[in-house]
Amino acid sequence: MSFLAELWKFMRVRKKFWLLPILVMMLIFGGLIVLAKGSAVAPFIYTIF
């Protein structure tokens, strides 16, 4: 959890708020891949990529 706090402080001090959408999208896609790994929806999600 301290990693997230340090990352937020870095982005706030250095004015690197453009990193936030990139990180959010990476988390969403990562979670989508992890959740779809063993489900019946996996073939439909993999066609997106």
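The following exchange concerns the pocket, the loop and the surface patch of a predicted model. Local features need pLDDT of at least 70, side-chain atom pairs count only at pLDDT 80 or more, and totals for chains, interfaces and linings use all residues. Residues are numbered from 1 along each chain as its sequence is written, and side-chain values use heavy atoms, with hydrogens and water left out.

Visitor: Why is Lys15 called exposed?

Guide: Exposed means over 50% relative accessible area, buried under 20%, and partly exposed in between (1.4 Å probe, protein chains only). Lys15 has 61% relative accessibility, and therefore counts as exposed. Lys15 is found in the loop between H1 and H2, and its phi is near 55°, a positive value in a residue other than glycine.

Visitor: What makes Met25 partly exposed?

Guide: Met25, in helix H2, has a relative accessible area of 41%, so Met25 is partly exposed.

Visitor: Which residues form the nonpolar patch on the surface?

Guide: Trp8, Phe17, Leu20, Val24, Met25, Ile28 and Phe29 form this patch, with about 610 Å² of accessible area together. Patch residues have over 30% relative accessible area and no salt bridge (a side-chain nitrogen of Lys or Arg within 4 Å of a carboxyl oxygen of Asp or Glu), and nonpolar side chains (Val, Leu, Ile, Met, Phe, Trp, Tyr) are joined within 5 Å, like charges within 9 Å. The largest share, five residues, comes from H2.

Visitor: How many residues of each class are in the lining of the largest pocket?

Guide: The lining has 10 nonpolar, no polar and no charged residues. Helix H1 (2–14) and helix H2 (19–36) each supply at least two of the lining residues.

Key
Helices (H or I, at least four residues) and strands (E, at least two) are DSSP runs, numbered from the N terminus. Ala, Val, Leu, Ile, Met, Phe, Trp, Tyr, Cys and Pro count as nonpolar, Asp, Glu, Lys and Arg as charged, and the others, Gly among them, as polar. Accessible areas come from the Shrake-Rupley method with a 1.4 Å probe; for residues, only the protein chains shown count as cover.
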